[in-house]
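Here's a quick walk through a single protein chain, written for someone who would rather look at side chains than at summary tables. Keep the viewer open and follow along.

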Amino acid sequence: MSAVSGWVTAQALAPFDPPNPACPAPYNTPLACELHLLKPGIALIMYGTNDLTSYNDLAIYKTELAKIVQTTLDAGTIPVLSTVPPLLSDAEEGARVPDYNRVVIEV
């Protein structure tokens, strides 16, 4: 549900539109739904590359990444965060990767 290539953090936290009958509230977001249905012990979390290239807003990224981690913890799942890999295709965007990785470390 939330392991989708190309997504930004907000998409994992946004309520389904249209609603998903398999995941009523409070499981009505892709992340909460996936955690509810799969009940994993550990979740590998890697968001940031698309936040960096689409929005470039560190404060929003930090807030949303923290919500993702808290939602994961609340589901009884251990979150394992990955840093953002190098962006070699665009020097300007690649120069912002260390800032995003600092946010991952802070969260």
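What follows is a tour of a predicted model, going from the core to the backbone oddities.

## The nonpolar core

Let's start in the middle. The largest nonpolar core has 17 residues, and the members that touch the most others are Ile45, Tyr47, Tyr61 and Ile68. At least two residues each come from helix H2 (30-38), strand E1 (42-45), helix H4 (58-74) and helix H6 (97-106). The top contributor is H6, with four residues. As background, nonpolar side chains in soluble globular proteins tend to be buried together.

Tyrosine 47 is a good residue to click on. Setting aside sequence neighbours within four places, tyrosine 47 contacts Ser2, Trp7, Val8, Thr9, Ala12, Tyr61, Ile68 and Val84. Two of the names on that list, Tyr61 and Ile68, also belong with tyrosine 47 among the core members that touch the most others.

## Serine 2, down at the start

Serine 2 sits in the segment before H1. Is serine 2 buried or exposed? Its relative accessibility is 9%, so serine 2 counts as buried, the cut-off for buried being under 20%.

Who keeps serine 2 company? Again leaving out neighbours within four places in sequence, serine 2 is in contact with Trp7, Ala12, Pro30, Leu31, Glu34 and Tyr47. Pro30, Leu31 and Glu34 are among the buried residues of H2, and Trp7 and Ala12 turn up in the contact list of tyrosine 47 as well.

## Helix H2 and its disulfide

The buried residues of H2 are Pro30, Leu31, Ala32, Cys33, Glu34 and Leu35. They pack against H1 and H4.

Cys33 has a partner, too. How many disulfides does a search of the whole structure find? It turns up one, formed by cysteine 23 and cysteine 33, with the sulfur atoms 1.8 Å apart. The link between cysteine 23 and cysteine 33 is right-handed, with 55° about the S-S bond. The pair links distant parts of the chain, with cysteine 23 in the loop between H1 and H2 and cysteine 33 in helix H2, ten residues apart. Both cysteine 23 and cysteine 33 are buried.

## Strand E1 and its partner

Now look along E1, where the side chains alternate. Ala43 and Ile45 point to one face and are buried, while Ile42 and Leu44 point to the other face and are not. That fits the general pattern, since side chains in a regular strand alternate between the two faces of the sheet.

E1 also has a neighbour: strand E2 (residues 78-81) pairs with E1 in the parallel sense, over four bridges. If you want a landmark for lining the two up, alanine 43 stands opposite proline 79 in E2.

## One aromatic pair

A search of the whole structure finds one aromatic pair. The rings belong to tyrosine 61 and tyrosine 100; their centres are 4.9 Å apart and their planes are at 45°, so the pair counts as tilted. This pair links distant parts of the chain, too: tyrosine 61 is in helix H4 and tyrosine 100 in helix H6, 39 residues apart.

Are these tyrosines buried or exposed? Tyrosine 61 is buried, with a relative accessible area of 1%, and tyrosine 100 is also buried, at 1%.

## Backbone oddities

Two cis peptide bonds are worth a look. One runs from aspartate 17 to proline 18, with omega near 5°. Another joins alanine 25 and proline 26, where omega is about 10°. Proline 18 is in the loop between helix H1 (9-13) and H2, and proline 26 is found in the loop between H1 and H2 as well.

Then there is positive phi outside glycine. Lysine 39 isn't a glycine, yet has a positive phi of about 50°. This residue follows H2 and lies in the loop between H2 and E1. Lysine 39 is exposed, with a relative accessible area of 60%. Asparagine 56, not a glycine either, also has a positive phi of about 50°. You'll find asparagine 56 in the loop between helix H3 (49-54) and H4, and it is partly exposed, at 36% relative accessible area.

How values were computed: Residues numbered from 1 in each chain as written. Predicted model: local features only at pLDDT ≥ 70, side-chain atom pairs only at ≥ 80, totals over all residues. Heavy atoms only, no water. Core = buried A, V, L, I, M, F, W, Y, C linked by side-chain atoms within 4.5 Å. Buried < 20%, exposed > 50% of the residue type's maximum accessible area, 1.4 Å probe, protein only. Contact = heavy atoms within 4.5 Å. Disulfide = S-S within 2.5 Å. Pairing = 2+ DSSP bridges. Phe/Tyr/Trp six-rings, centres within 6.5 Å; stacked < 30°, edge-to-face > 60°.
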